[in-house]
Amino acid sequence: MAYRHIEVSPVAGALGAEIAGMDLTEPFGNDVFSELHDAFMEHLVLFFRGQTITPAQHVAFARRFGEIDPNPFVRPLELETLPDQPEVLNIVKDASDLSINFGGLWHHDVSHRERPNLGSVLVAREVPKAGGDTLWANQYLAYDTLSEGLKATLETMKAVHSTVRDLNDDQLAANYGVAKDTVNFESVRRAEDKSEKIENVHPVVRTHPETGRKCLFVNRSFTQRFDGWTREESLPLLDYLWVHGARPEFTVRWRWRAGDAALWDNRCTMHNAVNDYAGQRRVMNRVAIHGDRPH
Ligand code: SIN
């Protein structure tokens, strides 16, 4: 695609592009927005280096892509929104926090809701010297690369997504891909105990409302089981799809610098915040955009 107003440089083979020639502190017209939207549909995750945007400008930028989700909480983890900008979730992990991190599992944001988010804009405020990268995976590719047989099987299947996971520490550790004794699951347990149970059933393969392309829509964080199946029956196939959906060749990895911003499409990508910076502080701000019901 040819771009006249912005510079678009792909970051990885599967998805992700860096956008140059834009200052997100400045309002921009519909001609620029239209190119940005094209790039968003083509690359699924857009990165903007060195943006010193205020929380209000952050919200204004996200609002160009849709209605803001005024309730960005996923679970009642100990995260706050900014006091004077309640649409902005302040994702803080302190140097002393040795627990698991927010978003540290492959997931689509809030897929337990009837209308999971369209996407989000994440801004890095304080980053570790090394570590704390975020990964995204292209779920169009995950679907396209399944066999015709498995595609046909999944075509009519639905899955239950829920805030409440019935997992013991061994299962949690396996889900997070860590050794049980290396992580303190206390904050997850505390959060899940306080969590209101919200559950919704979505198609396993959804059609993107704007591109019309099919993508896989199951994730390790919220998908519990296939609708009408037990969790035990579901797990082998779910596990296959979770691993398949996060194959390295479907991913992009972003090494954050303070001031970077990323916009992602939550309908056709999953993401995972890498928890490899124990002893260092990381602060990110996130604004979520309302989505539609998956079909
Ligand atoms: C998230 O939205 O899941 C958090 C992403 C991050 O902190 O990198």
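Me: How many nonpolar, polar and charged residues does the lining of the largest cavity have?

Reply: In this predicted model, the lining of the largest cavity has six nonpolar residues, four polar ones and two charged ones. Among the residues that line this cavity are Ile91, Met284, Leu122, His107 and Arg286.

Me: Why is Gly103, a residue of this lining, counted as polar?

Reply: Gly103 lines the largest cavity, and Gly103 is counted as polar because the nonpolar and charged classes are fixed lists of residue types, and Gly is placed among the others.

Me: What makes strand 16 stand out in the lining of the largest cavity?

Reply: Strand 16 gives the largest share of that lining, namely three residues, while strand 15 and strand 16 each supply at least two of the lining residues.

Me: How many cavities of 30 Å³ or more does a search of the whole structure find, and how much space lies in the largest cavity?

Reply: The search finds one cavity of 30 Å³ or more, and about 110 Å³ of space lies in the largest cavity.

Me: Where does the ligand sit?

Reply: The ligand sits in the largest cavity, a statement that requires more than half of its atoms to lie within 2 Å of the grid points of that cavity.

Me: Which residues surround the ligand, and which strands supply at least two residues of this shell?

Reply: The surrounding residues include Phe102, Trp264, Ala273 and Thr134, and the strands in question are strand 15 (269-273) and strand 16 (282-289).

Me: Why does the pair between the ligand and the side chain of Thr134 count as a polar contact?

Reply: An oxygen atom of the ligand is 2.6 Å from an N or O atom in the Thr134 side chain, and the cut-off is 3.5 Å, so this pair is a polar contact. For the side chain of Arg282 the corresponding distance is 2.8 Å, and for that of His271 it is 3.1 Å. The protein covers 100% of the 260 Å² of accessible area that the ligand has on its own.

Methods
Residues numbered from 1 in each chain as written. Predicted model: local features only at pLDDT ≥ 70, side-chain atom pairs only at ≥ 80, totals over all residues. Heavy atoms only, no water. Near = heavy atom within 4 Å. Polar contact = N/O pair within 3.5 Å; in protein donor to acceptor, adjacent residues only side chain to side chain. Areas by Shrake-Rupley, 256 points an atom, 1.4 Å probe, with all protein chains shown as cover. 1 Å grid on protein atoms, 1.4 Å probe; cavity = no way out; pocket = protein on both sides within 12 Å on 5 of 7 lines; lining within 4 Å. Helix = DSSP H or I, 4+ residues; strand = E, 2+ residues; numbered from the N terminus. Points joined across faces, edges and corners; volume = space filled by probe spheres on them.
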